[in-house]
Amino acid sequence: MAATKYRTRSSLEKFSVKPPQDDAWSLLFRPPQDESPEERNVRLQQQQEAQRVSREIDESLQESKKLYDKKKKAIKVLLLGQAESGKSTMLRNFQLAFSPTYFHAEATIWRTIIQLNLIGSVKKLLAVIEDELEFAGSRSPRSPSTTSLSLPHNTLSDHHRRIRLRLLPLLSMETNLTRQLLPEHYDPSRSPEICVRAGSGWKSVLERVTEVNPLSTHTNRSGHPRPTTSETRSKDDPTLVLAASRDDIISLWEDSAIRDVLKKRGVRLEDTAGLQVFSFLNDTARIATVDYIPTEADIVRARLRTFGVEEHRFLMENGTHGANSGLGYSLTSNAGSEWYVYDVGGSRNMRPQWVPYFDDVQAIIFLAPLAFNQVLDEDRQVNRLEDSIFLWKEVCSNPLLARANIILFLNKMDILAATLAAGIRVAEYVPSYGDGSNDVASVTKYFREKFRAYHKRLSPKPRTFFCHETSAIDTKATQAVLVGVREGILRNHLEKLNVI
Ligand SMILES: Nc1nc2c(ncn2[C@@H]2O[C@H](COP(=O)(O)OP(=O)(O)OP(=O)(O)O)[C@@H](O)[C@H]2O)c(=O)[nH]1
Ligand SMILES: [Mg+2]
């Protein structure tokens with residue numbers, strides 16, 4: 001044994017002292033025989049540089065591998081569901097519940113999105129007014145003696161025309177800003193909503209927009225910070241223009257003549273899909289101010305369409321306890337655990353992009369509003385609930401997801417309740433519902449059982465069916481649900497790793 005060891009060492013030594021003559025690398029790096037001292041210096045410097053670069057490459061490879069291994073160990077959750085089902089809203093609830101520092105740190109970015117949502121609503125309002133004014137103008141040319149336009153059921157006047165003109169700068173501001181945010185090749189006329197491509201650096205654009213020039217941090221003579229003025233703000237920041245338009249927006253929104261026009265033209269104040277198109281208009285007095293700071297509820301409610309797949313990394317800031325989740329033991333390892341949550345764009349043309357993320361995912365939160373009386377934006381022939389069930393079947397039967405837990409969120413329960421309260425009957429849209437009772441509990445039970453049956457029938461191997469009823473804009477109730485869901489996912493993950 002000792003002799004073997006000795007032989008090995010001696011052969012290594014022999015190699016390092018006297019390399020074999022036919023070693024290609026030695027030949028390549030052998031100094032030329034007539035090398036001058038300067039050439040030698042240059043050669044040695046080059047060699048050192050090459051070694052440094054090679055070390056750097058090794059280090060970065062090791063770093064990437066470490067990251068890869070870490071990510072492999074992290075918990076991965078996919079948020080799936082059709083467009084507008086509430087995935088991004090749920091993600092923001094997740095951030096608020098488990099990563100509140102991060103959630104609050106992004107408040108200024110969301111302030112601009114909320115301002116853009118509000119301006120978007122004003123834009124829709126102005127488009128209706130413009131149409132109405134044009135329509136009225138073409139039907140009954142104005143006589144010089146009157147400033148009112150007589151319409152069949154209402155009257156819009158020069159007063160409205162003037163307000164519209166005053167609000168136009170707001171619209172050009174919005175056009176400028178959204179142009180910087182929209183994904184490449186995206187045609188805004190296809191969808192009026194704000195949309196950003198995942199990973200495109202849109203947050204940096206908004207950070208730049210909201211950055212206040214250091215001048216504003218100066219104090220005045222009495223030692224108080226100077227108020228932010230137009231010189232201290234970025235030219236793309238809509239705050240001041242919006243604040244200056246505040247009274248005009250409120251007066252338009254509260255104007256009964258405008259309400260009549262909206263009604264006459266069939267423009268719903270609240271979109272039935274829950275896209276509360278005009279919802280921020282009700283809060284204009286609070287939002288259109290120079291010192292507006294969004295509330296948690298505002299941030300959760302903001303609408304920003306997802307384009308592509310967004311990866312969100314979470315380091316759990318707070319561990320929750322078994323007592324909360326009814327597990328009967330404490331999952332203290334929860335705090336500090338690393339999670340990746342993937343939020344996807346839900347419209348049909350984006351769905352093929354989901355598949356690469358199916359690999360190695362622990363859980364899927366599938367959002368399905370029971371929108372039995374609505375159709376998809378991208379295809380007005382397709383019923384929303386039917387589309388959700390179709391997607392659910394695809395997800396349950398997908399072999400790549402066979403090991404993942406699928407958790408169904410029947411989201412937008414508030415809208416279901418409002419729809420049923422308005423007297424809209426399920427049987428009219430879903431004949432198989434027959435003469436079942438048209439109340440929330442019965443309708444929910446009926447559809448939940450449908451989802452359960454497909455889950456059981458189509459799962460490649462048996463797994464438990466989890467289902468929650470949610471209203472993602474109700475942050476308190478949603479967080480309570482998410483705490484339980486997180487515990488469940490973590491427990492399952494630990495069980496798979498045989499830790500508990
Ligand atoms: N009333 C109500 N509105 C909701 C609920 N969940 C989400 N919303 C609203 O529905 C709209 C769409 O929500 P998002 O979270 O952006 O939908 P998404 O699934 O991410 O949509 P895409 O990004 O287009 O795939 C937003 O305006 C939300 O405020 C809910 O439970 N109730
Ligand atoms: Mg989204």
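This is a guided tour of a predicted model, going from the ligand to the loops, the salt bridges and a patch on the surface.

**Stop 1: the ligand and its shell**

Begin by selecting ligand 1 together with the 25 residues around it, of which Lys 87, Thr 89, Arg 303, Gly 346 and Asp 414 come nearest. If you colour this shell by residue class, you should find 6 nonpolar, 12 polar and 7 charged residues.

Next, show the polar atoms of the ligand and look for three short distances. A nitrogen atom of ligand 1 lies 2.7 Å from a polar side-chain atom of Asp 414. In the case of Thr 306, the partner is a polar backbone atom, which is 2.9 Å from an oxygen atom of the ligand. Ala 472 also takes part through a polar backbone atom, here 2.8 Å from an oxygen atom of ligand 1. How much of the ligand does the protein bury? Taken alone, ligand 1 exposes 660 Å², and the protein buries 99% of that area.

Now switch to a cartoon view and highlight α4 (87-98), β5 (305-307) and α15 (413-421), which are the elements that give two or more residues to the shell around ligand 1. The largest share comes from α4, with 3 residues.

**Stop 2: a loop residue before α4**

Stay with helix α4 and select Glu 84, which lies in the loop between β1 (75-80) and α4. The backbone deserves a look here, since Glu 84 has a positive phi of about 70° although it is not a glycine. Is Glu 84 buried or exposed? Its relative accessibility is 10%, and therefore Glu 84 counts as buried.

**Stop 3: the loop between β7 and β8**

Move to the loop between β7 (338-344) and β8 (363-367), and select Asn 349, which is found there. Asn 349 is exposed, because its relative accessible area is 53% and the cut-off for exposed is over 50%. Show side chains, and you will see that of Asn 349 making a polar contact with the side chain of Ser 347, at 3.0 Å. To get a sense of scale, draw a line from Asn 349 to Gly 484: their C-alpha atoms are 33 Å apart in space, while the two residues are 135 apart in sequence.

In the loop between β7 and β8 you can also select Asp 360, a residue that is not a glycine and yet has a positive phi of about 70°. Asp 360 forms a salt bridge with Lys 76, with the closest N and O atoms 3.1 Å apart. Because Asp 360 lies in this loop and Lys 76 in strand β1, the pair ties together parts that are 284 residues apart in sequence. The two partners can be compared by their surroundings: Asp 360 is partly exposed, with a relative accessible area of 33%, whereas Lys 76 counts as buried at 8%.

**Stop 4: salt bridges around α11 and α12**

The model holds 25 salt bridges in total, and two more are worth visiting one after the other. First select Arg 301 and Asp 283, whose side chains meet in a salt bridge at 3.0 Å, N to O. Arg 301 is in helix α12 (residues 296-301), and Asp 283 is in the loop between α10 (256-264) and α11 (284-287), so that the pair links parts of the chain 18 residues apart. Arg 301 counts as partly exposed at 22% relative accessibility, while Asp 283 is buried at 19%.

Then select Arg 286 and Asp 298, where the side chains meet in a salt bridge at 2.8 Å, N to O. Arg 286 lies in helix α11 and Asp 298 in helix α12, and so the pair ties together parts that are 12 residues apart in sequence. Here Arg 286 is partly exposed, with a relative accessible area of 34%, and Asp 298 counts as buried at 1%.

Before leaving the charged residues, select Asp 131, Glu 132, Lys 264 and Arg 265, which are linked in a network of salt bridges.

**Stop 5: Asn 398 and a surface patch**

Select Asn 398 in the loop between α14 (384-397) and β9 (405-410). Asn 398 is buried, with a relative accessible area of 19%, and its side chain reaches the backbone nitrogen of Leu 400 at 2.8 Å.

Finally, turn on the surface and select Val 53, Ile 57 and Leu 61, which form a nonpolar patch with about 260 Å² of accessible area together. Leu 61 is found in helix α3 (residues 37-73), and it counts as exposed at 54% relative accessibility.

How values were computed
Residues are numbered from 1 along each chain as its sequence is written. Chains are lettered from A and ligands numbered from 1 in the order in which they are written. This is a predicted model: local features need pLDDT of at least 70, side-chain atom pairs count only at pLDDT 80 or more; totals for chains, interfaces and linings use all residues. Side-chain values use heavy atoms; hydrogens and water are left out. A residue is near a molecule or strand if one of its heavy atoms lies within 4 Å of it. A polar contact is a pair of N or O atoms within 3.5 Å; within protein, one must be able to donate a hydrogen and the other to accept it, and residues adjacent in sequence count only if both atoms are side-chain atoms. Accessible areas come from the Shrake-Rupley method with a 1.4 Å probe; for residues, only the protein chains shown count as cover. Helices (H or I, at least four residues) and strands (E, at least two) are DSSP runs, numbered from the N terminus. Ala, Val, Leu, Ile, Met, Phe, Trp, Tyr, Cys and Pro count as nonpolar, Asp, Glu, Lys and Arg as charged, and the others, Gly among them, as polar. Patches are made of residues with over 30% relative accessible area and no salt bridge: like charges are joined within 9 Å, nonpolar side chains (Val, Leu, Ile, Met, Phe, Trp, Tyr) within 5 Å. A salt bridge is a side-chain nitrogen of Lys or Arg within 4 Å of a carboxyl oxygen of Asp or Glu. Buried means under 20% relative accessible area, exposed over 50%, partly exposed in between (1.4 Å probe, protein chains only).
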